[in-house]
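This report goes through the fold and a set of local features of one protein chain. The sequence and the structure come first.

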Amino acid sequence: MSNLPQSITLTPGTLSIETLRTVYEQPVTIKLPPDCHQAINNSVQVVADVIASNETVYGINTGFGLLANTRIPHDQLEILQNRLVLSHAAGTGELLDEKLVRLIMVLKLNSLARGYSGIRLEVLEIMAALINHGIHPCIPSQGSVGASGDLAPLAHMSMALLGEGNVHHLGVTKPARDALTSVSLSPVKLAPKEGLALLNGTQVSTALALQALFEAEDLFKAALLTGSLSLEATLGSRKPFDSRIHAVRGQQGQIDTAEIYRYILEPETEISRSHQPCSKVQDPYSLRCQPQVMGACLTQLRHCCNILLTEANAVSDNPLVLYEQGDILSGGNFHAEPVAMAADNMALAIAEIGALSERRMALLMDSQLSGLPAFLVKNGGINSGFMIAQVTAAALASENKMLAHPACVDSLPTSANQEDHVSMATHAARRLQAMNNNTRGIVAIELLAGCQGIDFRKPLKTSNILEQAYKAVRRVVAFYDKDRFFAPDIETAQQLLISDPLITLIPKELL
């Protein structure tokens, strides 16, 4: 993949999932088209009119949260916005990586540029300039409860605009002011409403959930490959993938998943012909019910994708500046419940992809069920083979069960009970990274085990796609002829799952 920035003209509110994935995966340059300027300027004028009329409006000339009833004098409105950012930058924990920060910034810019936030064009252009120059604010990963938006992490993001805090730039952590100076930018002084516009919103939780979705999509494809390898290695039946079975149930995710399995496995192979006719009546569920389980996971991932794409293009600021009518309305679009529920649903899919993979891996080692050497190694006893690799897979699957507990039902009131129900969306999405890592480890172990099983079926060959997957593994991990240091092979297999060669074996249009 090229490291040269890809140029994106950001028409506010129209980001596609493909563009979002590009923003996450590689450097980009962002340009706001001129036809969005009028809406931005109109919303700024509405804010100016409110101030001129001396009308009291939350977040413009009042305090915040429980301090909403405190009126702020006109000559302190700029101070109010700047202090808001500084006071709310109270996050903790490990810093979010630069790819994620870039996605957060683009999501924020996309939302603000729709023109319902009362923030000046020049502020948005400086934010775009930070993205274009690869200046990534240091954002701690913890400190948001997902309402009123992702306040603390977005405050850390916004600090860079003020020349405050630290940023990552050109591989170095440096003061934001120094980074701005190095690219001929000056810190901004926030006007009324602008600090609140920057801080309110669901962009951090949405970006975290999108990151998890991108990785879960890749793991889903990888698990289809490893499941197919396991089916071949254990001399499993293709009959459960017959399209007629899935058509009469009508679940689209299941129908589509069965089609992908048929594509991967092909109607028959040398291995499948070798056990025809077969006395075995039915395979265990981890083989036979793959379309049902993985199809349900695909349905969840598709649903989550739709929710997150909508949220990525949403206006989640508060109050909203409805410039068409000249109104400023205080509502609750910053509440990230849709993101939290999507993240919780995604957690179920990620956990089940891993759980099913672990069961297939355990089946491969059971000589009574698989017909393969016990623990997938010759000379068992002196060799332990895949015995403890399966224990590792079981440990990872079990950890995912705990992490899959829904986060959105666990609300803690904040801001002296003014914000008395929150979404916990940021935690809900952030924990998905650990779950994806766990599932990647499980699928990597099954990948090694499946290839080991295919080796024991030689000289018979499997399908064209599975032969390609097998060869990709064997180029970097040798056959287990005797016990050796196992952990490096698992790490190599995980890296192979991250790279393109395996994932691109399944065409995107099939998903």
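In this predicted model, 78% of the contacts between residues at least 6 apart in sequence join residues that are at least 24 apart. The chain holds 21 helices and nine strands. Its radius of gyration is 26 Å, which agrees with the value near 24 Å that a compact globule of 511 residues would have. The C-alpha trace spans about 85 × 50 × 40 Å along its principal axes. Of the 511 residues, 56% count as buried. The exposed surface of the chain comes to about 21,300 Å², and carbon and sulfur atoms supply 54% of that area. The chain carries 39 positive and 49 negative charges, and the mean positions of the two sets lie 8 Å apart.

**The sheet E4-E6-E7**

Three strands make up an open sheet with the order E4-E6-E7, and their pairing is antiparallel. Strand E4 (136-137) and strand E7 (172-175) stand at the edges; each has a single partner strand, so one side of each lacks a neighbour in the sheet. Strand E6, residues 166-169, pairs with E7 over four bridges. The pairing of E4 with E6 rests on two bridges and is also antiparallel.

Which residues stand opposite Val-167? Lys-174 of E7 is one, and Pro-137 is the other, facing Val-167 across the pairing with E6. In E6, the residue His-168 stands opposite Thr-173 of E7. In a regular strand, side chains alternate between the two faces of the sheet. The hairpin of E6 and E7 has two residues between the strands, and Leu-170 takes a positive phi near 55° there.

**Backbone exceptions in loops**

Most residues other than glycine have a negative phi, and most peptide bonds are trans. The table gives four places in the chain that depart from this pattern, each with its loop.

| Site | Backbone value | Loop |
|---|---|---|
| Ala-147 to Ser-148 | cis peptide bond, omega near 5° | Ser-148: between strand E5 (140-142) and helix H6 (151-159) |
| Lys-458 to Pro-459 | cis peptide bond, omega about 10° | Pro-459: between helix H18 (425-456) and helix H19 (464-474) |
| Lys-193 | positive phi of about 80° | between helix H7 (176-182) and helix H8 (194-199) |
| Glu-266 | positive phi of about 65° | between helix H11 (252-265) and helix H12 (270-274) |

The cis bond between Lys-458 and Pro-459 leads into a proline, whereas the cis bond from Ala-147 leads into a serine, Ser-148. Neither Lys-193 nor Glu-266 is a glycine, yet each has a positive phi.

Is Lys-193 buried or exposed? Its relative accessible area is 0%, under the 20% limit, so Lys-193 counts as buried. Glu-266 has a relative accessibility of 28%, which lies between the limits of 20% and 50%, and therefore counts as partly exposed.

**Two helix residues**

Gln-494 belongs to helix H20, which covers residues 487-498. At 17% relative accessibility this glutamine is under the 20% limit and so counts as buried. Which residues does Gln-494 touch, leaving out those up to four places away in sequence? They are Asn-437, Arg-440, Gly-441 and Ala-444. Helix H18 runs over residues 425-456, so the four residues touched by Gln-494 fall within the numbering of that helix.

Lys-401 is in helix H17, residues 387-403. With a relative accessible area of 64%, over the 50% limit, Lys-401 is exposed. Glu-270 lies 131 residues away from Lys-401 along the chain, and the C-alpha atoms of the two are separated by 38 Å.

Definitions and conventions: Residues are numbered from 1 along each chain as its sequence is written. This is a predicted model: local features need pLDDT of at least 70, side-chain atom pairs count only at pLDDT 80 or more; totals for chains, interfaces and linings use all residues. Side-chain values use heavy atoms; hydrogens and water are left out. The radius of gyration is taken over C-alpha atoms; the globule rule is 2.2 Å times the number of residues to the power 0.38. Buried means under 20% relative accessible area, exposed over 50%, partly exposed in between (1.4 Å probe, protein chains only). Contact means heavy atoms within 4.5 Å. Accessible areas come from the Shrake-Rupley method with a 1.4 Å probe; for residues, only the protein chains shown count as cover. Lys and Arg count as positive and Asp and Glu as negative; His and the chain ends are not counted. The place of a charge is taken as NZ of Lys, CZ of Arg, CG of Asp or CD of Glu. Two strands pair if DSSP finds at least two bridges between them.
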